[in-house]
Amino acid sequence: MPQTAQTGSSADVAQHLLRILSYSAVLLEKALQHTVVAAVNAGVPPQDVAQWAKLPPGPLADALRAYPDAGDG
């Protein structure tokens with residue numbers, strides 16, 4: 001017999017949890033971006049920030065580009 005998608009309370013709870021987790025991940029990413037920018041603006045060398053945040057250079061550059069005044073601090 002072919003399996004069908006689960007319905008009912010378990011599926012509803014799982015869907016709700018996944019939506020919350022996805023939203024939380026977005027908030028964490030924004031917090032990481034803000035913290036990276038604050039550290040660079042405070043004078044921490046970008047390579048140190050990248051190492052601490054475990055970010056490769058590309059995502060670090062993206063985070064800094066997201067804020068036009070990054071690095072002016």
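The following dialogue examines how the terms applied to this predicted model are justified.

Visitor: What kind of model is this, and how are its residues numbered?

Guide: This is a predicted model, in which local features need pLDDT of at least 70 and side-chain atom pairs count only at pLDDT 80 or more, while totals for chains, interfaces and linings use all residues. Residues are numbered from 1 along each chain as its sequence is written, and side-chain values use heavy atoms, with hydrogens and water left out.

Visitor: How many helices and strands does the chain have?

Guide: The chain has 3 helices and 0 strands, and from the N terminus on its elements run α-α-α. Helices (H or I, at least four residues) and strands (E, at least two) are DSSP runs, numbered from the N terminus. H1 comprises residues 9-41, H2 comprises 46-53, and H3 comprises residues 57-65.

Visitor: What makes a residue buried or exposed, and what percentage of the chain counts as buried?

Guide: Buried means under 20% relative accessible area, exposed over 50%, and partly exposed in between, with a 1.4 Å probe and protein chains only. Of the 73 residues of the chain, 15% count as buried. The chain exposes about 5700 Å², of which carbon and sulfur atoms supply 61%; accessible areas come from the Shrake-Rupley method with a 1.4 Å probe, and for residues only the protein chains shown count as cover.

Visitor: Why are Asp62 and Arg65 said to form a salt bridge?

Guide: A salt bridge requires a side-chain nitrogen of Lys or Arg within 4 Å of a carboxyl oxygen of Asp or Glu. The closest N and O atoms of Asp62 and Arg65 are 2.5 Å apart, so the pair satisfies the criterion. By this rule the count comes to 1 salt bridge. The two residues are separated by about one helical turn, because they are 3 residues apart in helix H3. An α-helix has 3.6 residues a turn, so residues three or four places apart point the same way.

Visitor: Why is Arg65 called exposed, and what is Asp62 called?

Guide: Arg65 has 60% relative accessibility and therefore counts as exposed. Asp62, with a relative accessible area of 44%, is partly exposed.

Visitor: How do you know that the buried residues of H3 lie on the same side of the helix?

Guide: In H3, Leu60, Ala63 and Leu64 are buried. They lie on the same side of H3 because they cover an arc of only 95 degrees around the axis, the arc being that of the directions from the helix axis to the C-beta atoms. The buried residues of H3 pack against H1 and H2.

Visitor: Which residues make up the largest nonpolar core, and what makes it a core?

Guide: A nonpolar core is a set of buried Ala, Val, Leu, Ile, Met, Phe, Trp, Tyr and Cys residues joined through side-chain atoms within 4.5 Å. The largest consists of 10 residues: Val36, Val37, Ala39, Val40, Val49, Ala50, Leu55, Leu60, Ala63 and Leu64. H1, H2 and H3 each supply at least two residues of this core, and H1 gives the most, with 4 residues.

Visitor: Which residues does Gln33 touch?

Guide: Contact means heavy atoms within 4.5 Å. Not counting residues up to four places away in sequence, Gln33 touches Ala63 and Tyr67. Gln33 is placed in helix H1, and its C-alpha atom is 5.3 Å from that of Ala63, 30 residues apart along the chain. Tyr67 is found in the segment after H3; with the same exclusion of neighbours within four places, Tyr67 is in contact with Gln33, His34 and Val37.

Visitor: Why is Leu21 called partly exposed, and to which patch does Leu21 belong?

Guide: Leu21, in helix H1, has a relative accessible area of 48% and is therefore partly exposed. Leu17, Leu18 and Leu21 form a nonpolar surface patch with about 300 Å² of accessible area together. Patches are made of residues with over 30% relative accessible area and no salt bridge; like charges are joined within 9 Å and nonpolar side chains (Val, Leu, Ile, Met, Phe, Trp, Tyr) within 5 Å.

Visitor: What is the phi of Lys54, and where does Lys54 lie?

Guide: Lys54 has a positive phi of about 55 degrees although it is not a glycine. Most residues other than glycine have a negative phi. Lys54 lies in the loop between H2 and H3, and its relative accessible area of 75% makes it exposed.
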